[in-house]
Amino acid sequence: MTKKLEEYKWFCPQPFMNIVTDVFGNIKPCCVIKSHNVWPDVDWNDDLTIEEYSKSDKLKQFRKEILQGGGPTVDSNCEVCIEQEKHSPESHRKTYNAYLDYQKPELKKELEEYLSTDMDTPFVRTMEWIAPSNFCNLRCHMCGSANSSSIAKENQQIGHPNVPSLGNKTLYKNDEQAEIFIQECDDFIIDNLVELKLTGGETLAIKYNYDLKNVLLIVALQRIWI
């Protein structure tokens, strides 16, 4: 009998069905995970694919600990939600679970069935795409240089350390690496994605967001016509 999500002691769906890309092309399970937790922690080359990430030892350990009720990987990566739940009935983790409960019950059932497998096949259903550019013409106070080229430029002028590259220039090693990732999205996302978030700098002013949209749209239309 398939185990229900509620039967797990401390469950979060993100490491099982979500990926987040950062401006440098790294992939991690959740946007709430702080930067001192290195993702991906693997020995593959820099052109990491979604499939390689899904099969990485760190992700497997993370998932194992969640299913078993906790562990050092959970303590480190889930520190924000753990702390939130000490002081509040709400947390990001609980919001993710509520999303499945109230908006996507069919996806919840699908995830429960996935958890009973070896989880070797990527199960990407939600994705937060942070484009490989921090281009933005705004300097909002709650933002930072990683998501605003205007703030980055201002920080450079005052000598602030560790400022990302500027403008619509890619933060990947090169354009080809970014385009490879965009094309690869076809393999695991077109058929299965139920939610795509476009974030980063100024979303509608970044070239790569249109590249990703065009790839997804063209492939989807091709499959309809066929």
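Let me start with N18. Setting aside neighbours within four places in sequence, N18 is in contact with P13, K28, P29, C30, Y53, T126, M127 and E128. This is a predicted model, so please hear everything that follows as computed from a prediction.

N18 lies in strand β1, residues 18-21. The residue is buried, at a relative accessible area of 8%. One of its contacts is polar: the side chain of N18 reaches the side chain of T126 at 2.8 Å. There is also a long step in sequence here. N18 and F123 are separated by 105 residues along the chain, yet their C-alpha atoms are 8.0 Å apart.

Next, a helix pair. How do α5 and α6 pack? Helix α5 covers residues 79-87 and helix α6 covers residues 92-103. Their axes are 8 Å apart and cross at an angle of about 95 degrees. That angle makes α5 roughly perpendicular to α6. On the α5 side the contact is made by V80, C81, Q84 and E85, and on the α6 side by H92, R93 and K94. By type, the residues of this contact are two nonpolar, two polar and three charged.

Now the cysteines. How many disulfides does the model have? With a disulfide taken as two cysteine sulfurs within 2.5 Å, the count is zero. Take C136 and C140 as the example. The closest cysteine sulfur to that of C136 is in C140, at 6.4 Å, which is too far for a bond. Going the other way, the closest cysteine sulfur to that of C140 is in C136, again too far for a bond. As for their surroundings, C136 is buried at 8% relative accessible area, whereas C140 counts as partly exposed at 35%.

Moving along the chain, we come to helix α8, residues 149-157. Its buried residues are S149, S150, I151, A152 and N155. On spacing, the general point is that an α-helix has 3.6 residues a turn, so residues three or four places apart point the same way. In α8, I151 and N155 are both on the buried list, and so are A152 and S149. Just after α8, G159 takes a positive phi of about 80 degrees.

Last item: D211, in helix α10, residues 207-225. Is D211 buried or exposed? With a relative accessible area of 18%, D211 is under the 20% cut-off and therefore counts as buried. Its side chain makes a polar contact of 2.6 Å with the side chain of K207.

That is what I have; I will take questions.

Conventions
Residues numbered from 1 in each chain as written. Predicted model: local features only at pLDDT ≥ 70, side-chain atom pairs only at ≥ 80, totals over all residues. Heavy atoms only, no water. Buried < 20%, exposed > 50% of the residue type's maximum accessible area, 1.4 Å probe, protein only. Helix = DSSP H or I, 4+ residues; strand = E, 2+ residues; numbered from the N terminus. Polar contact = N/O pair within 3.5 Å; in protein donor to acceptor, adjacent residues only side chain to side chain. Axes fitted to C-alpha atoms, helices over the stretch in contact; angles between N-to-C directions. Parallel < 35°, antiparallel > 145°, perpendicular 65-115°, else oblique. Contact = heavy atoms within 4.5 Å. Nonpolar A, V, L, I, M, F, W, Y, C, P; charged D, E, K, R; others polar.
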